[in-house]
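Visitor: I'd rather have a close look at one spot than a quick tour. Could you pick a part and talk me through its side chains and what they sit against?

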Amino acid sequence: MKILEQVLDANHPSIGISYHSLVYIFFNQGQLDSALIYEQQAYEILQEKLPINHPDLGIVRRNLVFLYLERASQRRTASRYNEALEDYQQALSYSKDHGDI
């Protein structure tokens, strides 16, 4: 990335495609927030430089939607886990500092 950024304009489509490629690395590592940041940067660059019907722009748009859904799903999962934990505590009359919790 550093070499590309030195050689090309900051808004060159190749920079956008490179950001888009980094998304897969962050996603596979479970770093959805970082993946979302890079995909948004890719989208901003490609939206400015490519025609509205360009396939690469469509792919980035689709991935943004997917990342938003994934992130929301994780938050919902954490929320449901906390609800289940509260139910477990109440059902078994454990205090919050019990070793099993």
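Guide: One bit of vocabulary before we start: a residue is called buried if its relative accessible area is under 20%, exposed if it is over 50%, and partly exposed in between. Also keep in mind that what you're looking at is a predicted model.

Let's start at Tyr 68, which you'll find in helix H4. Its relative accessibility is 41%, which falls between those two limits, so Tyr 68 counts as partly exposed. Setting aside residues up to four places away in sequence, Tyr 68 touches Leu 36 and Gln 40. Leu 36 is 32 residues away from Tyr 68 in sequence, yet their C-alpha atoms are 7.7 Å apart in space.

Now go along helix H4 to Gln 74, which sits in that helix too. Gln 74 is partly exposed, at 44% relative accessible area. Its C-alpha lies 9.5 Å from that of Leu 32, although 42 residues separate the two along the chain.

There's a charged pair to look at here as well. The structure has 1 salt bridge, and it runs between Arg 71 and Asp 33, with 3.6 Å between the closest N and O atoms. This pair ties together distant parts of the chain: Arg 71 belongs to helix H4 (residues 55-92) and Asp 33 to helix H3 (residues 32-49), 38 residues apart. Is each partner buried or exposed? Neither, by the limits above: Arg 71 has a relative accessible area of 23%, so it is partly exposed, and Asp 33 is partly exposed at 44%.

Next, turn to Glu 39, which lies in helix H3. Glu 39 is buried, but it has no salt bridge. Which side chain of opposite charge is nearest to it? That would be Arg 62, at 7.5 Å. A salt bridge needs the nitrogen and the carboxyl oxygen within 4 Å of each other, so that distance doesn't qualify. What Glu 39 does have is a polar contact, side chain to side chain, with His 20 at 2.8 Å. If you skip its neighbours within four places in sequence, the residues in contact with Glu 39 are His 20, Val 23, Val 60, Asn 63, Leu 64 and Leu 67.

From His 20, it's a short hop in sequence to a couple of other residues worth a look. Ser 18 lies in helix H2 (residues 13-28), and it is buried, with 17% relative accessible area. A polar atom of the Ser 18 side chain lies 2.9 Å from the backbone oxygen of Ser 14.

Then there are the rings. The count is 3 aromatic pairs. One of them joins Tyr 19 and Tyr 38, with 5.6 Å from centre to centre and 50° between the planes, a tilted arrangement. Again the partners come from distant parts of the chain, Tyr 19 from helix H2 and Tyr 38 from helix H3, 19 residues apart. Tyr 19 counts as buried at 13% relative accessibility, whereas Tyr 38, at 24%, counts as partly exposed. Another tilted pair is Phe 27 with Phe 66: the ring centres are 5.5 Å apart and the planes meet at 55°. This one bridges helix H2, home of Phe 27, and helix H4, home of Phe 66, across 39 residues of sequence. Both rings belong to partly exposed residues, Phe 27 at 27% and Phe 66 at 39%. Tyr 19 and Tyr 38 turn up once more in an aromatic cluster, this time together with Phe 26.

Finally, zoom out for context. The chain has 4 helices and 0 strands, running α-α-α-α from the N terminus. Of its 101 residues, 22% are buried. Among contacts between residues at least 6 apart in sequence, 45% join residues at least 24 apart; the link from Tyr 68 to Leu 36 spans 32 residues. As for the surface, the chain exposes about 7,100 Å², and carbon and sulfur atoms supply 53% of that.

Notes: Residues are numbered from 1 along each chain as its sequence is written. This is a predicted model: local features need pLDDT of at least 70, side-chain atom pairs count only at pLDDT 80 or more; totals for chains, interfaces and linings use all residues. Side-chain values use heavy atoms; hydrogens and water are left out. Helices (H or I, at least four residues) and strands (E, at least two) are DSSP runs, numbered from the N terminus. Buried means under 20% relative accessible area, exposed over 50%, partly exposed in between (1.4 Å probe, protein chains only). A polar contact is a pair of N or O atoms within 3.5 Å; within protein, one must be able to donate a hydrogen and the other to accept it, and residues adjacent in sequence count only if both atoms are side-chain atoms. Lys and Arg count as positive and Asp and Glu as negative; His and the chain ends are not counted. Contact means heavy atoms within 4.5 Å. Accessible areas come from the Shrake-Rupley method with a 1.4 Å probe; for residues, only the protein chains shown count as cover. Rings of Phe, Tyr and Trp (its six-membered ring) pair if their centres lie within 6.5 Å; planes under 30 degrees apart count as stacked, over 60 as edge-to-face and the rest as tilted.
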